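Please find below my remarks on the model, set out as numbered points for checking against the coordinates.

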Amino acid sequence: MSFVPFVISWNITSRCNLACEHCYIDAGMRQQGVPEELSTGKIVETLADIAKINSGAVLIFTGGEPLARPDIFDICAKAASLGFVVVLGTNGTLLTPKTAKKLKEAGVSGVGVSIDSLEEKSHDLFRGRAGSLQESIAGLAAAREAGLEIQVQTTPTRGNLNELPAIAAWAHKIGAAAFNIFFLVCTGRGQKMTDITPQEYEETLRWATSIQNSYSGMMVRPKCAPHFKRILHQQNPEHPLLSTYIAACRAGTQYCRIDPAGNVTPCPYMDVSAGDIISKSFTDIWNDSPVFAKYRDPVYEGKCGLCKYRLICGGCRARAFATNGNDMGEDNWCIYEPETQEEAITSIDTFAKFGGGSESSIPWTEEADAFLRKIPVFAQSIVRLATEKYAKERDIKEITTEVLKAAAPADRFGRARIPGADKPKQEEETGGIPWDDDAKQRPQNAPDFVRPGIFKLMQKRAKERGKKRITTEFLSEIRDESMMLVTKRMQKFGYEDIDMKSWNTAKEKFAKLPGKVETISGIVDFLNSRDGKNEAIIKKFKSFFTDDSKTMGWTEGARERLNKAPSPFRPMAKEAVEKYAREHGYKMITEEAIEEAMSKMPFSKFISKP
Ligand code: SF4
Ligand code: SF4
């Protein structure tokens with residue numbers, strides 16, 4: 001069996017400008033770095049060596065603080081030129097617009113920034129420096145502005161457990177592609193901290209399963225939380241995420257870490273060196289080290305050895321080592337208790353993890369193979385396996401693009417989607433940009449003659465604003481925006497207020513335009529047929545009539561949010577949001593416009609959602 005590193009976490013320096021409580025690197029040397037810190041030349045040489053095994057691997061350059069290394073841009077540029085997917089794991093405080101632009105130019109795909117609390121006091125205390133929350137938020141905004149994908153990373157602790165839902169919602173608001181929940185393993189500086197209990201760990205993971213589809217365009221990914229797969233299986237043995245890389249432990253099988261001095265270890269939380277790249281090549285260490293061999297044919301002990309989930313979960317080996325002194329021992333932070341020796345459950349992901357799926361058993365057409373290569377490389381082997389399994393079950397002899405599209409459900413691989421795969425029929429009816437299920441339902445309540453117009457308008461607005469999906473929130477925003485436009489037009493006609501009688505006056509005004517009169521009559525009939533349901537609409541219209549803005553109209557929700565900002569700050573926020581809205585094609589200030597504008601502004605927290 002061949003094992004390929006898909007993700008490599010590279011602590012390229014121990015230098016750091018912060019002193020975080022939970023850092024797994026003891027950053028005592030954070031001012032100068034360790035004396036053995038790898039030279040640029042050695043890093044570049046090793047990149048070429050890694051490329052021999054997998055030039056498409058995801059390289060996470062982290063630290064310490066990777067931006068503390070002045071040669072970081074050259075390193076990233078070299079890595080990207082070799083074909084690696086380059087990501088920076090950073091505290092974000094050194095990410096300025098200039099730095100972010102240079103990273104983008106160097107070929108970096110994205111940045112993961114750690115946010116532990118949205119309360120300045122808590123985050124700054126955790127990070128060991130006042131002002132670091134604001135700097136990290138500004139760093140995220142700079143990265144997004146430069147076109148880098150942004151990810152928000154949070155380590156759950158006793159202090160921030162209750163805040164996780166708020167951080168997830170905020171991450172979505174600022175446009176993060178992923179909210180990563182990094183579960184703490186008590187090593188390094190984090191050893192001194194009180195970890196969350198196994199029960200809290202379990203509840204946090206269950207919460208993470210419950211919000212998987214809550215944030216359109218943002219993945220919620222527990223990291224280093226193998227039990228997540230056990231929980232998914234308990235909830236639904238056919239759960240699509242069981243076939244993915246999400247939350248799994250790949251230490252030594254598809255994942256490893258290189259430390260600042262060049263030691264290669266199974267993961268950042270395990271200081272067991274499999275060899276160092278000064279005296280040996282990375283490829284030799286990866287292919288031949290007994291340290292890795294142990295993880296590729298694991299014999300777990302304790303309850304993990306008895307457990308039926310041992311191949312899809314397998315526990316966290318670093319935690320087993322940290323708590324039992326035995327990296328093959330049981331993971332004490334798991335609440336599952338097998339009673340006897342259980343038969344192991346397997347999944348496509350199990351084969352991917354242990355290398356069993358590397359050989360293709362069914363021929364692929366060139367076109368299908370080319371399609372597969374459009375998927376991020378870390379997901380390719382799993383998609384290949386899923387497709388071949390699908391084909392085998394149906395006695396299909398060759399994988400074509402059609403088979404690939406049918407076998408790879410659109411949502412299973414998150415952003416790693418097969419173009420055109422699994423396109424629901426109704427999406428075709430409702431236009432090119434996909435709709436969330438609940439959003440798709442809402443126009444069904446509209447009159448037949450209005451519904452096609454809603455679908456068309458939503459598609460148009462979604463395209464104009466670069467939306468990847470049409471959500472119920474976006475639908476509400478566009479509804480409000482349209483109602484405000486109608487209000488403005490009515491005001492032009494001399495209306496000062498609205499009630500049901502207004503429709504009759506409108507009909508009189510349009511007497512010479514029979515088409516318009518017919519539409520208005522249809523609307524009136526429809527409204528009259530829904531006794532008692534029109535009050536909210538009239539109320540909303542009335543609020544638009546009373547909007548006193550002299551520049552752009554504000555929806556009710558948007559106005560409420562502005563009014564919650566501290567008064568000295570309000571005029572500046574109002575002006576900045578209106579400027580943003582005008583420049584980005586908004587006709588009115590909606591909550592959505594505020595959210596988008598917020599992500600670009602240092603004062604965003606003042607007008608965050610109530
Ligand atoms: S051993 Fe634990 S910390 Fe290391 S990669 Fe596996 S799950 Fe993550
Ligand atoms: S006992 Fe071990 S293998 Fe089983 S679910 Fe818990 S951590 Fe995973």
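**Notes on backbone geometry, strand pairing and the ligand shell**

1. C224 is buried, since 22 other C-beta atoms lie within 10 Å, and this should be read with the reservation that the model is a predicted one. The residue sits in the loop between β7 (219–223) and α8 (227–235), where C224 adopts a positive phi of about 55 degrees although it is not a glycine.

2. C224 also belongs to the surroundings of ligand 1, together with V185, P226, C249, A251, C267, Y269, C316, R317, A318 and R319. Sorted by class, this shell comprises 9 nonpolar and 2 charged residues, with no polar ones.

3. D395 likewise is not a glycine and has a positive phi of about 55 degrees, in the loop between α15 (377–393) and α16 (401–407). D395, however, is exposed, because 6 other C-beta atoms lie within 10 Å of its own.

4. The peptide bond between G63 and G64 is cis, with omega about 20 degrees, and G64 is placed in the loop that runs between β2 (58–62) and α2 (72–81).

5. In strand β8 (residues 255–258), Y255 and R257 point one way while C256 and I258 point the other way, and all are buried. Strand β1 (residues 7–11) runs parallel to β8 and is joined to it by 4 bridges, with I8 standing opposite C256.

6. β8 pairs with strand β9 (residues 264–265) in the antiparallel sense over 2 bridges, R257 having T265 as its bridge partner in β9. The two strands β8 and β9 form a hairpin with 5 residues between them, and in the turn G262 has a positive phi of about 100 degrees.

Conventions:
Residues numbered from 1 in each chain as written. Chains lettered and ligands numbered in written order. Predicted model: local features only at pLDDT ≥ 70, side-chain atom pairs only at ≥ 80, totals over all residues. Buried ≥ 20, exposed ≤ 12 C-beta atoms within 10 Å, placed from the backbone. Pairing = 2+ DSSP bridges. Near = placed C-beta within 6 Å. Nonpolar A, V, L, I, M, F, W, Y, C, P; charged D, E, K, R; others polar.
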